[in-house]
Amino acid sequence: MTEPASREAANPSDEPANGAGDTPVPVEEMVLVKRALKGDLSAYDDLVRRYQERIYATIYHMTSNHEDANDLAQEAFIKAFQALRSFKGGSSFYTWVYRIAVNKTLNFLKQRKNKTHMSLDDLDFNAEHDPDLVALISDKTPRREAGLAELQEKLNAAMQKLSEPHRLVVTLHDVQGLSHEEIAKIVDCNAGTVRSRLFYARQQLQAYLSDYLQ
Amino acid sequence: MSQDTENFEQLRRLLKLKRYEQPPPRYFNDFSSQVIARVKRGERGDGYASVGRVLWEAPWLQRIWAAFEAKPILAGAFGLAVCATLITGVIYSERTDLQPVALIPGAEASISGPMDSPMEIATAMAENRTALINPAAGLEGSLSNSLSALPTDGPLFDLRADPASLTIPGPN
């Protein structure tokens, strides 16, 4: 699956509002890393608590399976602890852990191949009050009888149809809200490739979910 | 293009739904403690953690491991190659024709014939002890004896095999 080069420049100003960007390592975070390096597990516990939700969410959106996401997220943090000596502080600890988690997830998905078994998390009750989602299940949509649970299932099924690199980019950008540059660092490619993959993945998703989009 | 952008906007709204997917309540309360417990278990030095550390610190090993994980056929081929090397090694080691070497010079001669009397046994043991105490002297003597006994004409080694006979001296 390769995208034409002309798509590279698509949606150039499509940055999320809450992207973390390439921020220098916060001092406090580095202090925690140094303490963890000396064997202070409470410091590492602080680091895990700080990023556990985002790491879990990324893996969950990639696998669409809670149990797999739980195992992989734990393993990613354990691997990060074991490799803490190789962390030089060139990027944020968060980006570094993210890279470990993403690599672990991609390896897992390669092994799992097509044996997808969805085990979806429940929707937060606030979803029913989100104006964007309410609009999607309003009279204007072609399938107005579709409830949020059905939408969730269809959306996850469509995500699973994407190739891993495309699913990863959609997850990191559209769901997690990371910037193109930060995704490029995590995935180890350039920002243009990220934009290109994002455009292609959105096109694919749009085709799969045409019944639920205007 | 504007149509595409508009459609993507719809899609992005739909993708917002993913942000509302939440793990079971209080799931994250125990998450870090589970990670720390597993880290502690790893620190006690079980084999898996050590292997993992070695793999992580050697990137080329990590790449090989990743290749094996991704392509099981590669792992199978590698295993087959290792087995083939092992079997070849075993076969060649069996073919090597090593002559047994008498570690104690004179010992072979002393036990070549049946010893009838306790006196003969005692003499043989004394000779062996001398050879053990001063192996160089024993080696020198046996070497000069062997060289003088070499035939001047004809084959150097007589490879004829004599049938072995085992006679146990009776009480009378």
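The following questions and answers concern the contact between chains A and B in a predicted model.

Student: How many residues does each chain bring to the contact?
Tutor: Residues count as in contact when their C-beta atoms, placed from the backbone, lie within 7 Å. On that basis, the contact takes 44 residues from chain A, and from chain B 32 residues.

Student: Which element gives the most to the side of chain A that touches chain B?
Tutor: The elements giving two or more residues to this side include α3 (66-82), α4 (93-112), α9 (191-208) and α2 (41-63) of chain A. The side divides into 21 nonpolar, eleven polar and twelve charged residues. With nine residues, the element that gives the most is α2(A).

Student: In β1(B), what is the bridge partner of A:L123?
Tutor: β1 of chain A covers residues 122-123. This strand pairs with strand β1 (residues 21-22) of chain B in the antiparallel sense, over two bridges. Within β1(B), the bridge partner of A:L123 is B:E21.

Student: Which element of chain B has the highest mean pLDDT?
Tutor: Chain B has a mean pLDDT of 68, and 41% of its residues reach 70 or more. Among its elements, helix α6 (residues 107-110) has the lowest mean, 50. The highest mean, 90, belongs to helix α5 (residues 72-95) of chain B.

Student: Where in chain B does pLDDT stay under 50, with four contacts beyond four places in sequence?
Tutor: For the complex, the predictor gives an ipTM of 0.75 and a pTM of 0.59. The stretch in question has four contacts beyond four places in sequence in the model, and its pLDDT stays under 50. It is residues 44-49 of chain B.

Conventions. Residues numbered from 1 in each chain as written. Chains lettered and ligands numbered in written order. Predicted model: local features only at pLDDT ≥ 70, side-chain atom pairs only at ≥ 80, totals over all residues. Contact = placed C-beta atoms within 7 Å. Helix = DSSP H or I, 4+ residues; strand = E, 2+ residues; numbered from the N terminus. Nonpolar A, V, L, I, M, F, W, Y, C, P; charged D, E, K, R; others polar. Pairing = 2+ DSSP bridges. pLDDT = per-residue confidence, 0-100.
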